[in-house]
Amino acid sequence: WNRPFTHMLLLYGGAAHGDRIWDTQEKLIQRITGESFAPKHLLNIICPLMNTMVVEFSMDAGKVTRDSDEGDDDQGEGRSGNNRGTTEKALGGYSAMVQLLLAASKRYPSLLKIAR
């Protein structure tokens, strides 16, 4: 946390948008990996991101649960400052990663074999 961005991925925004992202997405993945693009790189990048997000959800959920024992205000915020809005944004980000993987599996059918 609190580090500058060095890399990025494009999110899948539906079929009309998604068909246009793949050339750029492959170049971005090449920058991240330092290797020629291969579909397996999508799994090697996105799956650890998703795992990290799940760990963060779990940690935040524990904080919110402890805070609700101490008393929430009527906005759904506990004393730690975590709120439902933050959780909803994080869940939206996780869902976007799932959408990206699903779209990638259609574009690169070999991903399904690699994932198994």
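**Helix α1 and the aromatic cluster around Y108**

Within helix α1, the buried residues are G18, I21, W22, Q25, E26, L28 and I29. An α-helix has 3.6 residues a turn, so residues three or four places apart point the same way. The model discussed here is predicted, and its reliability is taken up at the end.

The length of α1 can be checked against expectation. Its 19 residues, at 1.5 Å a residue, should span 27 Å, and the end C-alpha atoms lie 26 Å apart, which agrees. The helix nevertheless bends by about 45° at W22. After α1 comes G34, with a positive phi near 75°.

W22, the site of this bend, also takes part in aromatic packing. The search of the whole structure yields 2 aromatic pairs. In one of them, W22 and Y108 meet edge-to-face, with 5.7 Å from centre to centre and 90° between the planes. Because W22 belongs to helix α1 (residues 15–33) whereas Y108 sits in the loop between α3 (84–107) and α4 (110–115), this pair ties together parts that are 86 residues apart in sequence. Both W22 and Y108 are buried.

Y108 also pairs with F37: the ring centres are 5.3 Å apart and the planes stand at 45°, so this pair is tilted. F37 is found in the loop between α1 and α2 (40–70), and Y108 in the loop between α3 and α4; the pair therefore ties together parts that are 71 residues apart in sequence. Through these ring pairs, W22, F37 and Y108 are linked into a cluster. With a relative accessible area of 10%, Y108 falls under the 20% limit and therefore counts as buried.

Helix α2 contains H41. This residue has a relative accessibility of 5% and so counts as buried. Apart from neighbours within four places in sequence, H41 contacts I29, T33, E35 and S36. Of these partners, I29 is one of the buried residues of α1.

The confidence of the prediction remains to be considered. The protein chain has an average pLDDT of 81, and 76% of the residues score at least 70. Confidence is highest in α4, at a mean of 91, and lowest in α2, at 77. Over residues 76–80 the pLDDT drops below 50, although this stretch has 12 contacts in the model beyond near neighbours in sequence. Where pLDDT is low, the predicted coordinates should not be read in detail.

Conventions:
Residues are numbered from 1 along each chain as its sequence is written. This is a predicted model: local features need pLDDT of at least 70, side-chain atom pairs count only at pLDDT 80 or more; totals for chains, interfaces and linings use all residues. Side-chain values use heavy atoms; hydrogens and water are left out. Rings of Phe, Tyr and Trp (its six-membered ring) pair if their centres lie within 6.5 Å; planes under 30 degrees apart count as stacked, over 60 as edge-to-face and the rest as tilted. Helices (H or I, at least four residues) and strands (E, at least two) are DSSP runs, numbered from the N terminus. Buried means under 20% relative accessible area, exposed over 50%, partly exposed in between (1.4 Å probe, protein chains only). Contact means heavy atoms within 4.5 Å. pLDDT is the predictor's confidence in each residue, from 0 to 100. The expected span of a helix is 1.5 Å times one less than its number of residues. The bend at a residue is the angle between axes fitted to the seven residues ending there and the seven starting there.
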